[in-house]
Each structure stands twice: as structure tokens, then as C-alpha cells.
Amino acid sequence: MQNLMAGKILLVTGGTQGLGLAIAEAAAREGATGIAIVGRSAEKAERAAAAIRDRAIGGGPEGAARAESGVEVLAIAADLAAPGEAERTVTETIERFGRVDSLVNAAGATSRGTLLDTTRELLDEHLAVNLVAPFMTMQAAVLDMRRRGAPGTILNIISMAMHGGQPYLAPYTASKAGLAGLTRNAAFAHRFDRVRINGLNIGWTATPGETVTQRTFHGADADWLARAEAAQPMGKLGQPDEIADAVVFLLSERSGVVTGSIIDWDQNVPGAYDQ
């Protein structure tokens, strides 16, 4: 399949690195004409925007065609934990491109905490970034879609941790479980608006951010990824480019009528175990 996002306008929070950046790049390759990416650093957002433009152009005849048609990338710096910032990202996208066709909530707080040592401040951070910000971007995007009487698609990056997670992921699990519930609720509420809303429960994924997390919270050394992958059933961690392709498919018309689905994107099966 090609041109799954042809002519579409996409907003991606957390789009300056890791999975969010991979999703933006995949959408550009699939023909999106306007992409807004959101990150905390303005400088990093601008660098990522330039990278998306360059990679979308590519080489060969298809690359030449993309170079002529182009993909416009808007870099937005925002602190999604701050009140009003999530809504602003949608407003700025609409101001630049005139509309939002698709939204991906990929930004996430991943710091650690157990039930017993999590402070109110840490819990508030996770809820603000992982639950409240997606709530507000979804609200603003759906309002735009309804105003125009146009269909749209939303994909929330959730987590396998929403099933329960490890003890040190208490605030993260709480926020992601909330996002899963919100995804289903909003999908049901807006199905007759032709707004399809789905979620992916992402498992352990190989990103630069995950390397930082492993070193910061788990004392990982330079060989942590090789050991981690060797222990997995498929011999590797989740790959951002593979997940990005799935996201683009779910955002596209080729995913048909699917809405309200929370898909486990992992190589382990919740509820199954060896005796």
C-alpha cells in the first residue's frame, strides 16, 4: 500500500524523537502534505522537522515527485504538562494548515515510581502528560472535525503497562490505563461523527529515549540492548519503524471502520503463563 496519508494533515505529540518521530516520517512517506510535530525543545523540534522533510524527499523517481509536491512540517514547542499547552498545539496546527485530519498522542512521561514512593508531584506529572494532555488534544481536534463536518482519525500510544505493569510503574500504569478508558469512551461517543479513535499498547521498544531510561533508572551499561533483545521471544525489542507503519495504517482509510480498539503491540501475552 502506498499514499495511505495522501493529502492529510497530521499532528503528532512527542514527534521530535523516538516513536513519535518515526510516525511523522512514515506519514510523510505515505503522502501527508502537512505534519505538525510537538516537543518540549524548540531547537529539537526544528531539527526533527528538517529531518522529516529530507527523508520524505528520498531518492529516485518517487523522491523527485515528493520533492516537487513537498511536505510542510510545522515544529511546535510545548510543555504538555502545563495547562493550555495541549490545546495550543491543535490551534497552531489549524492556523497553519486550516484543519486537523489525524492526531497521534505519542508524548509520554516514563519516570519511575511505586505505590509507596510516588510523590503527589510525580503522579501529577504522569497524569498531566499521559492522560490530561491527550484528553485536551482529542477534544480540540474532534471539535475541529465536527465543525467542518469531516471524518477524522486519532491514535493514542498507550502501553502494555495499562494491564498492570511492573511495581515501579505505578503512576505510569495509572495514567495509561486511564488513557485506554478514554480512548474507548471517546471512540463510542464520536462514532457517528465518523471520527475513529484507536490505541496501541506498546511493549518494550528500542528507542534512544529507552536507552536514557534504562541508564537513568536501572543502571544499564552499553550492552543492555543486546542482552534485552536476546531474552525476547522474537529476538528483538519493538521497532519504531514497524510500529509507525501500523499507526499510519490505523490512521488511514484502509483500516476501514475500526474504532475503539486497543491493540496489544507486543510479543508477550497478558494473562498467559507457563506452569
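This section describes the packing of helix α4 against helix α5 and a set of salt bridges, several of which involve residues of α4. The model is a predicted one, and every value reported here was computed from it.

Two packed helices are described by the angle between their axes and the distance between the axes. For helix α4, which spans residues 85-97, and helix α5, which spans residues 120-148, the axes approach to within 7 Å and cross at roughly 30 degrees. Because angles under 35 degrees count as roughly parallel, α4 and α5 are assigned to that class and run roughly parallel to each other. The crossing of α4 over α5 is right-handed. On the α4 side, the contact is made by Ala86, Glu87, Thr89, Val90 and Ile94, which meet Ala133, Met136, Thr137, Ala140, Ala141 and Asp144 of α5. In composition, the residues of this contact comprise 7 nonpolar, 2 polar and 2 charged.

Side chains of opposite charge can pair when their charged atoms come close. In the present model, the count of salt bridges comes to 11. One of these is formed within helix α4 by Glu85 and Arg88, with a distance of 2.8 Å from N to O, and the two residues are 3 positions apart in the chain, about one turn of the helix. Glu85 has a relative accessibility of 19% and therefore counts as buried, the cut-off for that class being under 20%, whereas Arg88, with a relative accessible area of 24%, is partly exposed. The pairing of Glu85 with Arg88 also belongs to a network of salt bridges that links Glu85, Arg88 and Glu92.

A further salt bridge of α4 is formed by Arg96 with Glu72, for which the closest N and O atoms are 2.9 Å apart. This pair connects distant parts of the chain, with Arg96 in helix α4 and Glu72 in strand β3 (residues 72-77), 24 residues apart. Both partners are classed as partly exposed, with relative accessible areas of 42% for Arg96 and 37% for Glu72.

A salt bridge is likewise found between Asp101 and Arg99, whose closest N and O atoms lie 3.0 Å apart. In this pair the acidic partner, Asp101, is buried at a relative accessible area of 9%, while Arg99 is partly exposed at 25%.

Terms used. Residues are numbered from 1 along each chain as its sequence is written. This is a predicted model: local features need pLDDT of at least 70, side-chain atom pairs count only at pLDDT 80 or more; totals for chains, interfaces and linings use all residues. Side-chain values use heavy atoms; hydrogens and water are left out. Axes are lines fitted to C-alpha atoms, for helices over the stretch in contact, and angles run from 0 to 180 degrees between N-to-C directions. Helices (H or I, at least four residues) and strands (E, at least two) are DSSP runs, numbered from the N terminus. Angles under 35 degrees count as roughly parallel, over 145 as roughly antiparallel, 65 to 115 as roughly perpendicular and the rest as oblique. A crossing is left-handed if the near helix is turned anticlockwise from the far one by less than a right angle, and right-handed if clockwise. Contact means heavy atoms within 4.5 Å. Ala, Val, Leu, Ile, Met, Phe, Trp, Tyr, Cys and Pro count as nonpolar, Asp, Glu, Lys and Arg as charged, and the others, Gly among them, as polar. A salt bridge is a side-chain nitrogen of Lys or Arg within 4 Å of a carboxyl oxygen of Asp or Glu. Buried means under 20% relative accessible area, exposed over 50%, partly exposed in between (1.4 Å probe, protein chains only).
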